[in-house]
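Colleague: Could you pick one part of this model and go through it closely for me? Start from a single side chain and work outwards, and please tell me what each term means as you use it.

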Amino acid sequence: MPVIKRYVLRLFISLKYITANVVDRNNDRIVATSSTAEHSIKESLECGRSCNAKATGVVGEVLARRLKVVGLNEGQGSGIHANLGKEVRKKGFKNQTKVWTVFNALKNNGVKLILDKDDDKSSWPNS
C-alpha cells in the first residue's frame, strides 16, 4: 500500500557534518543525498569540515540540484514533505539556524516542500 507522504526530507547534524536525505518511503531507499562529509563539498568550503550555517546552505543547494537531476524537485505530485518544527525540536534550539538554512536553500532553488500540519508559515525566517 503506497504511503501518502512518499518523499520525506531527513536531516542529520553533528558537530562536524550535516547530511540531508530525501527518502522514498514506499521503497525504503534514499533518493538523493548531500553532505559536508563529501569530498567535493568539503573542499569547496572555507571552513573545512565544520558544520556552520554557510555549509548547511551549500548542502541544501546541492541537494536541490540533485533532486532536479532525478526529477523530484516538484516531488512527483504532492511534493517533498518536511517538518520544520520537528526537525528543530530533534536537533535542538542551537541548531535551528542550520535547519532553516537547509529548508530555505531547497525552497529558493525550486524544490516543492510541503510543511507538515504542526508547522506554520510564521516559523520560516524571512517569511
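Modeller: R66 is partly exposed, with a relative accessible area of 31%; that label covers everything between buried (under 20%) and exposed (over 50%), using a 1.4 Å probe and protein chains only. Keep in mind that this is a predicted model, where local features need pLDDT of at least 70 and side-chain atom pairs count only at pLDDT 80 or more, while totals for chains, interfaces and linings use all residues. Residues are numbered from 1 along each chain as its sequence is written, and side-chain values use heavy atoms, with hydrogens and water left out.

So what does R66 do with its side chain? It meets the side chain of E38 in a salt bridge, at 2.8 Å from N to O. By salt bridge I mean a side-chain nitrogen of Lys or Arg within 4 Å of a carboxyl oxygen of Asp or Glu. This pair links distant parts of the chain, with E38 in the loop between β3 and α1 (39-44), R66 in helix α2 (residues 53-70), and their positions 28 residues apart. Helices here are DSSP runs of H or I with at least four residues, strands are runs of E with at least two, and both are numbered from the N terminus.

A search of the whole structure gives three salt bridges. Among them is the pair D24 and R6, whose side chains come to 3.0 Å, N to O. D24 sits in strand β2 and R6 in the segment before β1, so this contact ties together parts that are 18 residues apart in sequence. D24 is buried at 0% relative accessible area, whereas R6 is partly exposed at 28%. Helix α2 also has a salt bridge of its own, E61 with R65, where the closest N and O atoms are 3.9 Å apart. Those residues are four apart in α2, so about one helical turn separates them. E61 is partly exposed at 33%, and R65, at 52%, counts as exposed. As a rule, side chains of opposite charge can pair when their charged atoms come close.

D24 takes us into the sheet. That sheet is open, with five strands in the order β3-β2-β1-β4-β5 and mixed pairing; two strands pair if DSSP finds at least two bridges between them. The edges are β3 (29-35) and β5 (113-115), each pairing on one side only. From one strand to the next, the twist averages 30 degrees.

D24 stands opposite R29 in β3, and six bridges join the antiparallel strands β2 and β3. These strands form a hairpin with four residues between them, and D28 in the turn has a positive phi of about 50 degrees. On to β1: seven bridges join β1 to β2, again running antiparallel, with V8 bridged to V23 in β2. That is a hairpin too, with four residues between β1 and β2. Six of the seven residues in β2 are buried, so D24's strand is mostly covered. The parallel pairing is between β1 (residues 7-13) and β4 (residues 80-82), over two bridges, and Y7 stands opposite I80 in β4.

Now the helices that lie across these strands. α4 lies across β1, β2 (18-24), β4 and β5, running at about 140 degrees to β1. α3 lies across β1 and β4, at about 20 degrees to β1. Axes are lines fitted to C-alpha atoms, for helices over the stretch in contact, and angles run from 0 to 180 degrees between N-to-C directions.

Helix α3 (residues 84-91) and helix α4 (residues 96-108) also pack on each other, at about 145 degrees with their axes 9 Å apart. L84, E87, V88 and K91 in α3 meet Q96, V99, W100 and F103 in α4, contact meaning heavy atoms within 4.5 Å. One residue to click on there is V88 in α3, buried at 15% relative accessible area. Leaving out residues up to four places away in sequence, V88 touches F93, Q96, V99 and W100. The C-alpha atoms of V88 and W100 are 8.5 Å apart, with 12 residues separating the two along the chain.
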